[in-house]
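Trainee: I would like to go through the aromatic contacts and the nonpolar packing of this model. Can we take it residue by residue?

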Amino acid sequence: MKQKKRISILLIFMMLFSISLTIPSVTYAATIPYSGIPVSSGHYFPVNIVIGQDDRLYVAEYSGNKIIKMDRGGQNKTTFVSGISQPVGMVFDAAGNLYVAQYNGSKVIKVDSSGNTTLTRDFSYDYLTGIALSSEGKLFVVSYWSGKIYKMNTDGTDFSEFATGLRAGSLIGMTIDEDDNLYVADLSNNKVIKITPDATVSDFITNIALPRWVALGKDGFFYVAASGSRTIEKISQNGTKVATFSTGTFAPWGISVDAGGYIYFTESNNSTHKIVGNAETFDTRHIGLIMNTEMSDGYADPAAFLVSGAASNPQVINAVVSGSSITLTLNESVAALDNSLKVSYAKTGINNITTTGINSISTTGSVYELDDFSNLSIKNNILLVINAESIPQIKVAKGTSLNEVNLPVSGTVYLNNTTTSAAITWDGGTPAYNGNIAGTYTFSGTFNVGNNISNPNNIKASVDVVVSDAPPVIPPTENLDQPVPTGLIGVTPTSLANSDGKITGTATGMEYKLSSSGTWLPVTSTEIIGLPAGTYPMRYAAKTGFNASPSVNVIVEAYRAPSTGGSSSGSSSSPLPLLQLPSVSNDIEMIINNEIQKSGTEIRTEINGRTEVRVVVDSQQMNNHIEKAIKINNGNNEVIVPVLNTGDTIRVALTGEVIKKMEDNNFKLSVKDEKIEYRIDAENFTIEKAAQTMGVSLDNLQSIDVEVSINKITSVEIEALKEQAKASGHTIVFEPVQFEITARITSADGKVEELKINRFNSFAERIIEIPEGIDPSNITTGIVFNKDGSYSHVPTVVFEKGGKWYASINSLTNSTYAVIGNPVAVDLVKGHWSEKVINDMASRLILVDHENFVADKAVTRAEFAEYIVRASGLYREGLFIENKFTDIGTSKHLTSILIANDWGIIQGYLDGTFKPEAAITREEAMTMYAKVMDIVRLPEGSNNRILQYKDAKQVATWAYEAVSKTLSAGVFNGRTEDTITPKGTLTHAEALTAIRNLLTESGLINK
């Protein structure tokens, strides 16, 4: 709906006959510096703002439990309606009635123009956020806790569930377009979703940092409040980001955008603001304004503008409007030190600024006058010269004329926030230069800076020219030859230098450091790496003031095998530090849906004493085999890669194209040698997301190399981890093994970019044979290691097959894994009904602080997060996850809370708190167990157990589905045979028992 820019005859005339100006323009998707204007303060957590039919602002005060009404400049602020329990969503109908969605009140109410309220619908315990009104007069309401969107008439009748299955505890702001498509801010998923009138859900725009609100402006663009990045994102109707507005230190909540492009937003620090555009100086006499809308071209009244904050007190003498730009010409110059420049606009009735006919979404042809604004901050781009880089002394021989001295034509100038290069105009020297007389001549130069740079202290360039009686010394080139081995991987010419980064000429002792680029320069374009034996000349960049360049011959020698001893004759030669021994390769046979297929090559090499086995898959053959397999079997498809040669490292290389085909057809990939197997669903490679991150189009997935690796860590690393375990009283049963998945792309210039794929959508299984002589009953759990050597539980099953014992370790991430023995008996639960469960949970490192365990104490939200994260194998030390909550900074369970929230298991409250010490209710816990069931893919049972409990009707609407789900799956049980007690608290013993039920029912640990 963006109008074409019109260039007026008046503007062309002005451009031809006045000074030529360069007006800064908005770069699409670039962040526009914060230039907001305060509208109103003193609110009580304002979460939303809308423009009413009366052209006034209405602000929903979440903590104030009321709606505030005021002019768009913040004047005449009054309470429109009070007594509303945590209002969030607001929408006006055509008659001027306001519909309000209450969070804690769980109601939608109607407020007429006089502030009288009537109940539209009571939603019981459903916490409500966004609300929208369709062209057909239908209300749509967001349920924050259940992740549903309801549809109804404006009187609450004809009520139905419109969209379900969305993420619970994540949906807040909602808007609607003229075609009745809904757009909803999905906070935890960092995106805005689109829901069509037939309830089809799709992603509208992704990668938005914690979006709390989305609004459709009267200019036809969508605006998203990204509280995580403290920005407001401007989005076109096809989902393309066109601009990013910074909100400074404010985390934005609700948004409303008027026809003039003014962006109004609320923020949690109890104030409201508007962004009208941004302003900056682009030389000492001109200020450019970029407004948030297209305007009618021509002159504006200069008297309507006031510029303040400049020492010179300038007046605006000309104002020219073109598209979204306004250029102001001043009668006096502004200075670099004017740090508080502001501009205000007040309509005078003469040449008022108008938009180009976009006063609403659907109407055309009308004009809209921009509102007045005051004290819009101006970014001062006038730079100040504060110093200049010193210029090295220049040495010349006697007889050198001034024209031959080669004084620098430019120099580096230090400004107040950057540096620049400026042309220099030199004087004749002091004393006046005479190349026939030896001595030192000091030259002074004037910097020629641009119109946007001021040099009030008249800082100048300076250089000494020394006329010498003797010519300069030429640096030596002898004794610099260096040998390197054939095929040395990763060596660069700089590594031939001495350890101090210098090459020293022995004849005179003079030193020549590496050049600014830090590299030796080859005489030819031939690369040194991997060359056959021979001599390769290199040269080095000359030192300033000399005409010669040091040179060196790089001697590449053939590999010499190490001496095996046993012979006393002849000379013994130590080998050069060659990294790679000859390779051995074999064709491999994969098993695809139980059929053996030849699809690649296995290459075995030895590198620095460690054996590496690399399997390279033939993409074309693999594609053909997969196509054949899926025609026969569309169910559980599997590709098994059996590695023939056992090595310290196993690497299996496939292309992104093969991975995508496997993902599309529900394939599982298995890489195995005789003792270790790594089984992973192809969907866990998230190849489309990896391609997007690496900037690869989906039709070019074959350019991505995907490597699955199994790596036996070194003996030194093993001993360190064993000592760490021993210090904790644990025994590592077998040597830790590292599992990795890496995506790589190689650019045309040979640059390699890597991306580690470390987080999965479903569990990946690692099956490791337990060494002979180890009693399987002594194994308690698998562990995953953190970077600092600490470790935590991952779900593990020990089983016997074919007379051998194995440990099946399941995890949602990649890392280094092992199993430990750690039998624990918790003294505090002896004789308690939960004794066996608690002992097992302590042995598995799920219950960590078992010495202070109280079985029948109510579990808090923070403690529950700790249990559920450790039990699921998600706990990791050292993870960086953004803290979205205001009250958990000192909690000892901080890491677990952040991980649980990051995986969508547990949510906070709308006011930004988590309430870590609050006791968790049984229905809240069941909601979280249900989310973990989704993660571990434990299906809901076929029985409807909830109906056997006489207090089932006491379960909140938002929790009912989850309660039913956990009961039917056997994860959770009632407090008694016929009561759930959903509002009751949950004890530590009950929490851990349900967690163990969840793990055993999912097959993730032994029963």
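Trainee: Is Y806 buried or exposed?

Mentor: This is a predicted model, numbered from 1 along each chain as its sequence is written, with local features needing pLDDT of at least 70 and side-chain atom pairs pLDDT 80 or more, while totals for chains, interfaces and linings use all residues. Side-chain values use heavy atoms, with hydrogens and water left out. Buried means under 20% relative accessible area, exposed over 50%, and partly exposed in between (1.4 Å probe, protein chains only). At 17% relative accessibility, Y806 is therefore buried.

Trainee: Which class does F799 fall into?

Mentor: F799 forms an aromatic pair with Y806. Its relative accessibility is 24%, so F799 counts as partly exposed.

Trainee: What is the geometry of the pair F799 and Y806?

Mentor: Rings of Phe, Tyr and Trp (its six-membered ring) pair if their centres lie within 6.5 Å; planes under 30 degrees apart are stacked, over 60 edge-to-face, the rest tilted. The structure holds 30 such pairs. For F799 and Y806 the centres are 5.6 Å apart with 20° between the planes, hence the label: stacked.

Trainee: Which helix gives the most to the largest nonpolar core?

Mentor: A nonpolar core is a set of buried Ala, Val, Leu, Ile, Met, Phe, Trp, Tyr and Cys residues joined through side-chain atoms within 4.5 Å. The largest has 109 residues, and I67, F864 and Y929 have the most contacts inside it. Helices are DSSP runs (H or I, at least four residues), numbered from the N terminus. With 8 residues, the top contributor is helix α9 (residues 922-936).

Technical notes. Helix = DSSP H or I, 4+ residues; strand = E, 2+ residues; numbered from the N terminus.
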